[in-house]
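Thanks for coming. I'll go through the charged side chains of one model and then finish with a surface patch.

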Amino acid sequence: MTVLESAPVKVQTCAGRVTHPRPTGQDRYTISEVAAHTGLTAHTLRWYERIGLMPHVDRTHTGQRRFSNRDLDWLELVGKLRLTGMPVADMVRYAELVREGEHTFTEREALLTAHRENVRERIAELQDTLHVLDFKIEIYAGARRSAERA
């Protein structure tokens, strides 16, 4: 059993219910542990930090990154935003707004509301596409059934 598998702790975050490998207070993860837990590469994690998407990563006295459960929560949210197709520039802007504090709630809400509308439009497009696929599949399935009966 690895360190990350030893004592998972389920918590509710803004990105949904997630499992932390370690309880808060004992949550100091290396970049390789975070990569294994999230499925992201170490290169991607470094890039996120470089572009300002992960600006609060602590470092050891030797300069090694040490991620926390808070960082895992943030990465979970970033993953959800990526899954919805949010542009990286918008994610970085959102991260900047979060760092600026509570006075940016209105701007954060506006950014997420606009993105939610884009997601809903994409869902509608995908539903239309799914109907086309279902229609085509039914044509082929019907033809196959007719051929099997003949």
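**Salt bridges and one unpaired aspartate**

The count of salt bridges comes to ten, a salt bridge being a side-chain nitrogen of Lys or Arg within 4 Å of a carboxyl oxygen of Asp or Glu. Before the details: this is a predicted model, local features need pLDDT of at least 70, side-chain atom pairs count only at pLDDT 80 or more, and totals for chains, interfaces and linings use all residues. Residues are numbered from 1 along each chain as its sequence is written, and side-chain values use heavy atoms, with hydrogens and water left out.

Start with glutamate 49. Its salt bridge with arginine 65 has the closest N and O atoms 2.4 Å apart. That pair links distant parts of the chain, with glutamate 49 in helix 2 and arginine 65 in strand 4 (residues 65-66), 16 residues apart. Helices (H or I, at least four residues) and strands (E, at least two) are DSSP runs, numbered from the N terminus. Glutamate 49 and arginine 65 are both buried; buried means under 20% relative accessible area, exposed over 50%, and partly exposed in between, with a 1.4 Å probe and protein chains only.

Glutamate 49 also forms a salt bridge with arginine 59, at 3.3 Å between the closest N and O atoms. Because glutamate 49 lies in helix 2 (residues 42-51) and arginine 59 in strand 3 (residues 58-59), this pair ties together parts ten residues apart in sequence. Arginine 59 is partly exposed, at 42% relative accessible area.

Within helix 3 (residues 69-83), lysine 80 and glutamate 76 sit four residues apart, about one turn of the helix. Their salt bridge has its closest N and O atoms 3.8 Å apart.

Now, how far from aspartate 27 is the nearest side chain of opposite charge? Arginine 28 is that side chain, 4.1 Å away, and aspartate 27 is buried yet has no salt bridge. For the charges, Lys and Arg count as positive and Asp and Glu as negative; His and the chain ends are not counted. Aspartate 27 is in the loop between strand 2 (16-20) and helix 1 (31-38). Its side chain reaches the backbone nitrogen of glycine 25 at 3.0 Å, and a polar atom of that side chain lies 2.8 Å from the backbone nitrogen of asparagine 69.

Last, the surface. Isoleucine 137, in helix 5 (residues 105-149), is exposed, with 54% relative accessible area.

Technical notes. A polar contact is a pair of N or O atoms within 3.5 Å; within protein, one must be able to donate a hydrogen and the other to accept it, and residues adjacent in sequence count only if both atoms are side-chain atoms.
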